[in-house]
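Subject: Structure handover

Hello,

Here is the structure we discussed, followed by notes on what turned up in it. Please read the notes with the coordinates open.

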Amino acid sequence: MLKVMMPYSDKDVEHIWAGNIELKDDKIHATVGNVPKNVTYVKFGQRIEFEQDQISDWMYYRDGKIVGNFTMRPLLARMPPDEATHYRAMLAEP
């Protein structure tokens, strides 16, 4: 999966997960993998096209654990302890 920066105003972007990735004609195509909160021009399950400089994170599963997803790791310190423990158990060591 790739996390993609999608602008929704002149100054703001939302980071949206997208999977089923393919490179076609020097463009990256993927399927939106979560419901956007602020971006209204794409929907869950929609195919999108974006540039490499819009990628803000990546992740994949190896042996049932998440590799990557670096944008979530700093958030663990602010989560309730039970929630943080749950997500830490899902992560592979960096």
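Trp58, Tyr60 and Phe70 form one aromatic cluster. Bear in mind throughout that this is a predicted model.

Aromatic pairs

The search of the whole structure returned 2 aromatic pairs. In one of them, the ring centres of tryptophan 58 and tyrosine 60 are 5.9 Å apart with the planes at 15°, so this pair is stacked. The angle lies under the 30 degrees that limits the stacked class. Tryptophan 58 also pairs with phenylalanine 70: here the centres are 5.4 Å apart and the planes stand at 75°, so the arrangement is edge-to-face. That second pair links distant parts of the chain, since tryptophan 58 sits in strand β5 and phenylalanine 70 in the loop between β6 (65-68) and α1 (81-90), 12 residues apart.

How accessible are the members of the cluster? Tryptophan 58 has a relative accessible area of 37% and is partly exposed. Tyrosine 60 counts as partly exposed at 40%, and phenylalanine 70 is partly exposed with a relative accessible area of 40%.

Salt bridges

The count of salt bridges comes to 2. As a reminder, side chains of opposite charge can pair when their charged atoms come close.

One salt bridge joins the side chains of glutamate 22 and arginine 47, at 2.9 Å from N to O. Glutamate 22 belongs to strand β2 and arginine 47 to strand β4 (residues 47-50), so the pair ties together parts that are 25 residues apart in sequence. Glutamate 22 is partly exposed at 41% relative accessibility, and arginine 47 is partly exposed at 35%.

In the other, the side chains of glutamate 51 and lysine 27 meet at 2.5 Å, N to O. This pair also links distant parts of the chain: glutamate 51 is in the loop between β4 and β5, lysine 27 is in strand β3, and the two are 24 residues apart. Glutamate 51 counts as partly exposed, at 35% relative accessibility. Lysine 27 is partly exposed too, with a relative accessible area of 27%.

Histidine 29

Is histidine 29 buried or exposed? Its relative accessibility is 17%, and the limit for buried is under 20%, so histidine 29 counts as buried. The residue is found in strand β3 (residues 27-32). Leaving aside neighbours within four places in sequence, histidine 29 is in contact with Asn20, Ile21, Glu22, Lys24, Arg47, Ile48 and Glu49. Among these contacts are Glu22 and Arg47, whose side chains form the salt bridge at 2.9 Å described above.

Strand pairing

Strand β1 (residues 2-7) runs antiparallel to strand β2 (residues 13-24), and 6 bridges join them. The two form a hairpin with 5 residues between them. Within this pairing, proline 7 has valine 13 in β2 as its bridge partner.

What joins β1 to strand β5 (residues 55-62)? There are 3 bridges between these strands, which again run antiparallel. Valine 4 has its bridge partner in β5, namely isoleucine 55. Strand β5 is also the one that holds tryptophan 58, so that residue is a convenient place to start when you look at the aromatic cluster of Trp58, Tyr60 and Phe70.

Regards

Technical notes. Residues numbered from 1 in each chain as written. Predicted model: local features only at pLDDT ≥ 70, side-chain atom pairs only at ≥ 80, totals over all residues. Heavy atoms only, no water. Pairing = 2+ DSSP bridges. Helix = DSSP H or I, 4+ residues; strand = E, 2+ residues; numbered from the N terminus. Buried < 20%, exposed > 50% of the residue type's maximum accessible area, 1.4 Å probe, protein only. Contact = heavy atoms within 4.5 Å. Salt bridge = Lys/Arg side-chain N within 4 Å of Asp/Glu carboxyl O. Phe/Tyr/Trp six-rings, centres within 6.5 Å; stacked < 30°, edge-to-face > 60°.
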